[in-house]
Amino acid sequence: MMLYKLFKIQPVQAFYKLLIFTFFKILIFAVLLSSIYFLLIKFAFLNFINKETIEQISEIFSEQQNNPSQMFDQSKKIQELIIKNPQIINLIFAGLGLMILFVSYNLAASQRIFKKMIIGEDTNIVWYFKPFKETISILIYLLVFSPIFITVFSLGIISIKSNPVFSIISLFFLIMVVIRSILFAPGIVIGEMQFSDALKYSFQTITGGRAFKIAVFGVLNFIIISLVLQILLYIPMNYIKFDKSDLYFNFLVIFLQTGIISVGLASLFTRYGSFEEQNDV
């Protein structure tokens with residue numbers, strides 16, 4: 001059965017089928033992007049920040065992951081480090097900007113892979129590596145939504161003890177807005193839409209009810225797949241050791257998770273969208 005048709009009748013099965021068919025390519029992209037990003041970040045930090053400061057930053061970020069409710073206290077520590085090392089702020093923004101660029105490329109390239117699998121377009125391997133126009137559109141989208149997401153999420157976490165009602169409402173609103181816009185990337189790549197059309201299509205297609213279902217089932221699927229990834233990477237993370245190897249594997253997980261999220265985006269677009277059926281998979 002053609003994969004496009006399977007999405008219409010058995011979307012969950014189709015999602016896992018698409019994931020299995022494309023996982024090796026997702027892994028290749030993740031390894032390449034994480035390696036390049038790791039080398040760039042390592043070079044910048046080693047040349048502009050001393051080793052002690054890097055260790056302090058790593059400890060703070062580890063604390064943030066383990067105790068997100070203490071984000072306000074950890075932010076103070078970051079502020080103190082920045083005052084002592086003002087060059088950190090430039091490197092943080094550069095690192096975040098570079099990460100958003102890499103994630104945009106990863107989303108665009110992976111969507112091209114899924115487009116080939118779903119509708120059977122004949123392409124060569126070079127086509128996968130050259131989604132430059134789509135990358136720019138996705139980059140603009142992420143640059144618009146990322147500051148809003150980070151601001152609202154940070155305020156929600158910080159104020160969760162003092163004003164839990166505000167935190168819950170703001171976080172729920174944020175999640176709904178983000179989810180209702182998630183068909184943008186596949187709309188740009190698979191649907192070949194213009195920027196405004198892709199954003200409009202996503203909000204029109206993902207209604208409030210659908211957004212809620214996606215939030216519930218999407219989070220559950222993401223947790224399960226993330227656990228599987230941790231298990232798969234357990235052996236290489238423990239036996240392949242090099243300078244800052246832990247940092248590299250964190251980047252690798254991020255790009256792998258981005259690729260898997262991209263599978264979900266393509267699946268939703270195919271589930272709710274309608275485009276010409278071509279060759280069988």
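In what order do the elements of the protein chain run from the N terminus on? In this predicted model, the answer reads α-α-α-α-α-α-α-α-α-α-α-α. Counted up, the secondary structure comes to 12 helices and 0 strands.

Here is the chain as a whole, in a few numbers.

| Property of the protein chain | Value |
|---|---|
| Residues that count as buried, of 281 residues | 42% |
| Contacts joining residues at least 24 apart, among those between residues at least 6 apart in sequence | 75% |
| Exposed area | about 15,900 Å² |
| Share of the exposed area from carbon and sulfur atoms | 68% |

Now let's look at helix α12, which covers residues 245-272. With 28 residues at 1.5 Å a residue, α12 should span 40 Å, and its end C-alpha atoms lie 41 Å apart, so the two values agree. How many of the 28 residues of α12 are buried? The count is 21, so this helix is largely enclosed by the rest of the structure. For that count, a residue is buried when its relative accessible area is under 20%.

A single residue is worth a visit too. Ile136 sits in helix α7, which takes in residues 132-158. Its relative accessible area is 47%, and because partly exposed residues fall between the 20% and 50% cut-offs, Ile136 belongs to the partly exposed group. If you are tracing the fold on screen, you can also pair Ile136 with Ser104: the two are 32 residues apart along the chain, while their C-alpha atoms are separated by 7.6 Å.

Technical notes
Residues are numbered from 1 along each chain as its sequence is written. This is a predicted model: local features need pLDDT of at least 70, side-chain atom pairs count only at pLDDT 80 or more; totals for chains, interfaces and linings use all residues. Side-chain values use heavy atoms; hydrogens and water are left out. Helices (H or I, at least four residues) and strands (E, at least two) are DSSP runs, numbered from the N terminus. The expected span of a helix is 1.5 Å times one less than its number of residues. Buried means under 20% relative accessible area, exposed over 50%, partly exposed in between (1.4 Å probe, protein chains only). Contact means heavy atoms within 4.5 Å. Accessible areas come from the Shrake-Rupley method with a 1.4 Å probe; for residues, only the protein chains shown count as cover.
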